[in-house]
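Hi,

Here is the structure I promised to pass on. Have a look at it first, and then read my notes below.

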Amino acid sequence: MRPLHQPHDRFFRAAFGRVDLARELLADALPPGLLGRLDLESLEVSGESFVDPELAAHQSDIPVRTRLRGSPLLVYVLVEHKSYPDRWTLLQLLRYMARIWERERARNPRASTLPPLIPLIVYHGRRRWRYPLSFSGYFLPDAELAPFVPGFTSLMLDLRSREDHMLMGSLQYQAALRALKHALGGLRPHLAEILRALAALPPEEDQKAFVSALLEYILQAGTDVEARDLEAELERVGSAAVREVYMTLADKLVEKGKAEGKLEGKLEGVLEDKRQVLLRLLEKRFGRLPASARQRITGSRDREALDRAIDRVLEADSMEQVLAALD
């Protein structure tokens, strides 16, 4: 049984929380003109998170500090671990940006200005992002009201729209992007290439931590990968170092599974209650459900996804909009 929460945050921080890899991410995502003006040698990565606790299962973030012409500049990287685009991501992003500026004020109470903050969304969902990246897009256009509408635009690194051969950078950076890109849509065909990249990494402790986080992400986020698939591919790649990391990880996951198994009965009861509530609400709103819809609901083991779907029933225009929360 897959765990209810994917270990995406540990993987994302292992992949991009190091200064050299955060530097690669900015080089990949920022406009070249702006990138050339930044002092990337001064780059610092914070271990803080500003994501709302109720969204932590679906979002990860990394605040980055650098300098532009000698003055502080912040980049806030937010990754969406959802298979579908969320219309209100920019509203959440604005809330996180305000928290960062409040932290800056607390750090430097004598400052009379705020440091510029560049938001960057990393999206690897299966569906095309179709919502605005400018906050003003949430409002109907009105020339008289325009001065009162908050305005900022977020950058986006959309892995869905990037072909694999366009994933550039170090082996570690490419492996991380490839795993993110395919985790929600099919990792199995890409396992060999990812594992070959891992096998070529030097056997240093920080590299081992990255390999462990990536292997755990593949196991628990990859919708089409089971342990036997990963083990078979590891045998073909033939890297003793990567296999050693995997065996250590497997032992930890087994122990974790034993500990969580004590709660399995209670959790299953909670899940079934939520499934039945969602089924009843959908039938009242949209009528008799097709068998495929019922199967998607009864097969869901994600409590938070079921809660999101239940919350959407009253406002959704179609049954598919509700069921999209389960993806």
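**What I found**

Let's start with one residue: R178 is part of helix α5. Keep in mind that this is a predicted model.

Is R178 buried or exposed? Its relative accessibility is 5%, and buried means under 20%, so R178 counts as buried. What does R178 touch? Leaving out residues up to four places away in sequence, its contacts are D164, L167, L187, H190, E193 and I194. With D164 there is also a polar detail to look at: a polar atom of the R178 side chain lies 3.4 Å from the backbone oxygen of D164.

Now zoom out to the whole helix. α5 covers residues 171-183, which makes 13 residues, and at 1.5 Å a residue it should span 18 Å; the C-alpha atoms at its ends are 18 Å apart, so the two values agree. Most of α5 is covered, with 11 of its 13 residues buried. Among them are Q172, Y173, L177, K181 and H182. Which elements do the buried residues of α5 pack against? They pack against α1 (8-16), α2 (19-29), β5 (155-158), α6 (191-199) and α7 (205-221).

Next comes the core. Nonpolar side chains tend to be buried together in soluble globular proteins. Here, the largest nonpolar core has 58 residues, and F11, F16, L198, F210, L214 and L215 have the most contacts inside it. Helix α7 gives the most to this core, with 9 residues. Try clicking on F11: not counting residues up to four places away in sequence, F11 touches A176, A179, L180, F210, A213, L214 and Y217. There is also a second, separate core, which has 17 residues, including L289, A305, A325 and L326.

Then there is the sheet. Strands of a sheet pair through backbone hydrogen bonds, either parallel or antiparallel. This one is an open sheet of 5 strands with mixed pairing, in the order β1-β2-β3-β4-β5. At its edges are β1 (44-45) and β5, each of which pairs on one side only. Helix α1 packs on the sheet, where it touches β2 and β3 (71-80), and its direction makes about 25° with that of β2.

How do the strands run? β1 pairs with β2 (residues 59-68) in the antiparallel sense, over 2 bridges. V45 is a good place to find this pairing, as it stands opposite V64 in β2. β3 and β4, on the other hand, run parallel and are joined by 7 bridges. In that pair, V75 stands opposite I118 in β4.

Strand β4 (residues 117-123) is mostly covered: 7 of its 7 residues are buried. L117, P119, I121 and Y123 point one way from the strand, while I118, L120 and V122 point the other way, and all are buried.

One last stop is R69, in the loop between β2 and β3. Most residues other than glycine have a negative phi. R69 has a positive phi, near 50°, and is not a glycine. Is R69 buried or exposed? Its relative accessible area is 65%, and the cut-off for exposed is over 50%, so R69 counts as exposed.

Have fun looking around!

Technical notes. Residues are numbered from 1 along each chain as its sequence is written. This is a predicted model: local features need pLDDT of at least 70, side-chain atom pairs count only at pLDDT 80 or more; totals for chains, interfaces and linings use all residues. Side-chain values use heavy atoms; hydrogens and water are left out. Helices (H or I, at least four residues) and strands (E, at least two) are DSSP runs, numbered from the N terminus. The expected span of a helix is 1.5 Å times one less than its number of residues. Buried means under 20% relative accessible area, exposed over 50%, partly exposed in between (1.4 Å probe, protein chains only). Contact means heavy atoms within 4.5 Å. Two strands pair if DSSP finds at least two bridges between them. Axes are lines fitted to C-alpha atoms, for helices over the stretch in contact, and angles run from 0 to 180 degrees between N-to-C directions. A polar contact is a pair of N or O atoms within 3.5 Å; within protein, one must be able to donate a hydrogen and the other to accept it, and residues adjacent in sequence count only if both atoms are side-chain atoms. A nonpolar core is a set of buried Ala, Val, Leu, Ile, Met, Phe, Trp, Tyr and Cys residues joined through side-chain atoms within 4.5 Å.
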